[in-house]
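Student: I have a new model open and I'm not sure how to read it. Could you walk me through some features, one at a time?

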Amino acid sequence: MKNKVVIIGTGMVGMSYAYSMVNQGTCEELVLIDIDKDRAQGEAMDLNHGLNFGDRIMKIYAGDYKDCSDAYIICITAGAIQNEGETRLDLLNKNTKIMKNIIGNIKESGFNGILLIATNPVDIMTYVACKLSGYEKGKVIGSGTTLDSSRLRYMLSEKLDVNSKNIHAYVMGEHGDSQFVAWSYALQGVQPIYQIASKHSNLSFDDLDKIEDEVRNVAYEIIKRKKSTYYGIGMALTAITKAILENENSILTVSSYLRGEYGHNDVYIAVPSVVNKNGVERVIELALDKEEKSKFDKSICIMKENIDKIDFK
């Protein structure tokens, strides 16, 4: 397989992802597929015109499903967008129908690489994609809470006045309303966030609750102001893509399939996972405290309740 990425869906998420990859020189070949072929062609033309300013020469073009056959990664961003007042789970039925059609076309192409899912509700759509495709569980990945974890680190860095790259903290569970922060594993450098909060410095336990709530709900605030979110997720998808193509063994909170980890099976959920050329190489199982484990179990229950409503035929 080539260092080739196919994006299915050239809406704002798909093209923010594409633009981010072009700027970071993430792949050698980039294919854009959309039901609106003129849109895909126009987007490819626009990106190509900026290649002179990028980090590497890339082959970028609008294609169709036959171009999936030798891709290393296919990223699915197509789907109904989340409107103001809707939760991500409200998109379930609409996007399941779209996913069925897309996966059928991908399978017909002979693709045998890694599927990266960004369509919401992303944890369930990743499960749907895996179930319909029959691909290896570790080679079907959802974007999960990769962006939510980045939002968390940004907000903590603002509060603590340190570089966000020195904040190590993870949002786990559903990419949605039941997500939670694993505070017992959150660090500023090597110093536990709980330790900082206990000293009543510039960060209190009340602040932690407010930050967790803001991370959970900030997407709704963005949607209210500009109709949808796309830059952040585009950059998060690029980070996942680089981890795969460059075999980074990076730890990212992607939607991963559980095989008994955290006491659960047969579900995709966002957990810290090692991501490399094989997709999800392994899930990292944290010893969550009692409250965190309860929140995680609740998130799993919500996922399974909604999966049970899906017609896979």
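Student: Let's start with D161. Is D161 buried or exposed?

Tutor: Keep in mind that this is a predicted model. To sort a residue, look at its relative accessible area: under 20% is buried, over 50% is exposed, and anything in between is partly exposed. D161 has 69% relative accessibility, so it counts as exposed. You'll find D161 in the loop between α5 and β7.

Student: What is the phi of D161 near?

Tutor: The phi of D161 is near 60°, which is a positive value in a residue other than glycine. N249 is another case: it isn't a glycine, yet it has a positive phi of about 55°. N249 sits in the loop between α8 (231-245) and β12 (250-252). With a relative accessible area of 44%, N249 is partly exposed.

Student: Which two residues does a cis peptide bond join?

Tutor: For that one, read the omega angle. The cis bond joins N120 and P121, with omega at about -5°. P121 belongs to the loop between β5 (114-117) and α4 (122-133).

Student: Back to the loop between α5 and β7. Which residues does N166 touch, leaving out those up to four places away in sequence?

Tutor: Here a contact means heavy atoms within 4.5 Å. N166 is in that loop between α5 and β7, and it touches L187, Q188 and G189 once residues up to four places away in sequence are set aside. Take the pair N166 and G189: they are 23 residues apart in sequence, while their C-alpha atoms are 5.1 Å apart in space. As for cover, N166 has 41% relative accessibility, so it counts as partly exposed.

Student: How far apart are K59 and E28, in sequence and in space?

Tutor: You read that pair the same way, with one number along the chain and one in space. K59 and E28 are 31 residues apart in sequence and 6.2 Å apart from C-alpha to C-alpha. K59 is part of strand β3 (residues 59-62). Not counting residues up to four places away in sequence, K59 touches E28, E29 and L30.

Student: And K4? Where does K4 lie, and is it buried or exposed?

Tutor: K4 lies in strand β1 (residues 4-8). Its relative accessibility is 2%, so K4 counts as buried. Beyond its neighbours within four places in sequence, K4 is in contact with several residues, including E29, V31, Y61 and D67. The list also includes D70, A71, Y72 and I73.

Student: Which residues does UniProt list for "binding site"?

Tutor: An annotation like this comes from a record, and it may be inferred rather than shown by experiment. The unreviewed UniProt entry lists R153 and H168 under "binding site". They span 16 residues in sequence, yet no two of their C-alpha atoms are more than 7.1 Å apart, so they gather at one spot.

Student: What surrounds R153 and H168?

Tutor: Take them one by one, with residues up to four places away in sequence left out. R153 is in helix α5 (residues 146-160), and it touches S164, I167, A169 and Y170. H168 is in strand β7 (residues 167-168), and it touches Y185, A186, L187 and G189. R153 has 23% relative accessibility, so it counts as partly exposed. H168 has 34%, so it counts as partly exposed too.

Student: Let's zoom out. How many helices and strands are there in the protein chain?

Tutor: The protein chain has nine helices and 16 strands. Its radius of gyration is 19 Å, close to the 20 Å that the globule rule gives for 313 residues, so the chain is as compact as a globular protein of that length. Along the principal axes, the C-alpha atoms fill a box of roughly 60 × 45 × 35 Å.

Student: What share of the residues is buried, and what does the chain expose?

Tutor: Buried residues make up 54% of the 313 in the chain. The chain exposes about 14200 Å², and carbon and sulfur atoms supply 49% of that area.

Student: What share of the contacts joins residues at least 24 apart?

Tutor: Take the contacts between residues at least 6 apart in sequence: 69% of them join residues at least 24 apart.

Student: And how far apart are the mean positions of the positive and negative charges?

Tutor: There are 37 positive and 42 negative charges, and their mean positions are 2 Å apart.

How values were computed:
Residues are numbered from 1 along each chain as its sequence is written. This is a predicted model: local features need pLDDT of at least 70, side-chain atom pairs count only at pLDDT 80 or more; totals for chains, interfaces and linings use all residues. Side-chain values use heavy atoms; hydrogens and water are left out. Helices (H or I, at least four residues) and strands (E, at least two) are DSSP runs, numbered from the N terminus. The radius of gyration is taken over C-alpha atoms; the globule rule is 2.2 Å times the number of residues to the power 0.38. Buried means under 20% relative accessible area, exposed over 50%, partly exposed in between (1.4 Å probe, protein chains only). Accessible areas come from the Shrake-Rupley method with a 1.4 Å probe; for residues, only the protein chains shown count as cover. Lys and Arg count as positive and Asp and Glu as negative; His and the chain ends are not counted. The place of a charge is taken as NZ of Lys, CZ of Arg, CG of Asp or CD of Glu.
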